[in-house]
Amino acid sequence: MKNEADASSPASMALYVVMYPVFKELGKVNLTASRTLRAAFMKAEKENAGLTQDIVIKVLEKKNLKLNYNEGLLRMATDNAEEFMIDRREPEFQELNERARALKHTLSTIPDEINDRVGLLQTIKNIATDIKELLDTVNTVFRKYQYQNRQALEQQRKDFVKYSKRFSDTLKNYFKDGRAINVFVSANQLTHQTNMILQAIKTVA
């Protein structure tokens with residue numbers, strides 16, 4: 001099964017961070033239109049990853065809104081989208097949902113702390129703790145439950161670790177060059193990888 005947003009970059013995040021909530025609200029008024037539009041966006045995104053992001057950015061430009069796209073995306077990506085929530089009731093899976101939500105929430109606070117060195121350092125410590133707790137929970141799930149495509153799940157875990165380390169390196173560079181945009185981009189990549197772990201396990205759980 002192909003992921004709805006399987007790029008390692010956060011390009012596909014616009015689909016589920018920006019547009020899924022729009023589809024949900026539209027569904028309260030016209031469910032058929034919501035489903036049709038959602039299916040069209042999903043199909044287009046699968047065929048051309050990042051298309052939704054391009055549309056959102058063009059809309060922002062057309063409206064002449066002076067918003068930092070990567071910062072805004074990070075602020076919005078705090079919750080678990082329904083598509084990534086693991087609906088099994090075993091405590092390990094519920095804990096995994098909560099650990100993922102906690103990490104994404106902490107990451108989403110970076111824009112508020114980026115110019116406060118003390119606050120940012122505390123946020124970095126909290127992120128490190130959240131990453132460790134998420135990985136511990138993932139490892140528990142891997143040990144306790146057997147999956148046919150275990151190799152694919154292991155690869156997803158390795159990708160998460162890789163982007164966690166990349167995020168750490170980006171933070172180190174930020175204290176040298178002060179380029180906040182790089183921190184936002186890297187944090188979005190880590191958020192995306194967090195969702196991909198949930199989706200990989202949800203697909204086989």
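This is a short walk through one protein model, covering a pair of helices, some salt bridges and a few single residues. The model is predicted.

I will start with two helices, α8 and α9. Helix α8 covers residues 150-177, and helix α9 covers residues 180-204. Their axes come within 9 Å and cross at roughly 165°. Angles over 145 degrees count as roughly antiparallel, and α8 and α9 are therefore roughly antiparallel to each other. The crossing of the two is left-handed. What makes up the contact of α8 with α9, by class? There are 15 nonpolar, 8 polar and 3 charged residues in that contact.

Staying with these helices, each has a residue I want to point out. In helix α8, E154 and R157 form a salt bridge, with the closest N and O atoms 2.2 Å apart. The two residues are 3 apart in helix α8, so about one helical turn separates them. In helix α9 we have I181. I181 counts as partly exposed because its relative accessibility is 30%. If you want a distance across the model, take I181 and D54: they are 127 residues apart along the chain, and their C-alpha atoms are separated by 18 Å.

Next, salt bridges more broadly. How many salt bridges does the structure hold? The count is 13. As background, side chains of opposite charge can pair when their charged atoms come close.

Three of the residues involved are worth following together, since E71, R75 and D112 are linked in a network of salt bridges. Begin with R75 and E71. Their side chains meet in a salt bridge at 3.0 Å, N to O. Both residues lie in helix α4, which runs over residues 69-76, and they are 4 residues apart, about one turn of the helix. R75 is partly exposed, with a relative accessibility of 36%. E71 is partly exposed too, at 22% relative accessible area.

Now the other link in this network. The side chain of R75 also meets that of D112 in a salt bridge, here at 2.8 Å, N to O. This pair links distant parts of the chain: R75 is in helix α4 and D112 is in helix α6, 37 residues apart. Is D112 buried or exposed? D112 counts as exposed, because its relative accessibility is 52% and the cut-off for exposed is over 50%.

Just before helix α6 there is a residue to note, T109. T109 sits in the loop between α5, residues 91-108, and α6, residues 110-113. What does the side chain of T109 reach? It reaches the backbone oxygen of T106, at 2.6 Å. T109 can also be placed relative to L120: the two are 11 residues apart in sequence, and their C-alpha atoms are 9.1 Å apart in space.

Last, a residue from the start of the chain. S12 is in the segment before α1, the helix of residues 13-29. S12 has a relative accessible area of 1%. Buried means under 20%, so S12 is buried. Its side chain is joined to the side chain of E45 by a polar contact of 3.0 Å.

To recap: α8 and α9 are roughly antiparallel, E71, R75 and D112 are linked in a network of salt bridges, and S12 is buried. That is all from me.

Conventions: Residues numbered from 1 in each chain as written. Predicted model: local features only at pLDDT ≥ 70, side-chain atom pairs only at ≥ 80, totals over all residues. Heavy atoms only, no water. Polar contact = N/O pair within 3.5 Å; in protein donor to acceptor, adjacent residues only side chain to side chain. Axes fitted to C-alpha atoms, helices over the stretch in contact; angles between N-to-C directions. Parallel < 35°, antiparallel > 145°, perpendicular 65-115°, else oblique. Left-handed = near helix turned anticlockwise from the far one by under 90°. Nonpolar A, V, L, I, M, F, W, Y, C, P; charged D, E, K, R; others polar. Salt bridge = Lys/Arg side-chain N within 4 Å of Asp/Glu carboxyl O. Buried < 20%, exposed > 50% of the residue type's maximum accessible area, 1.4 Å probe, protein only.
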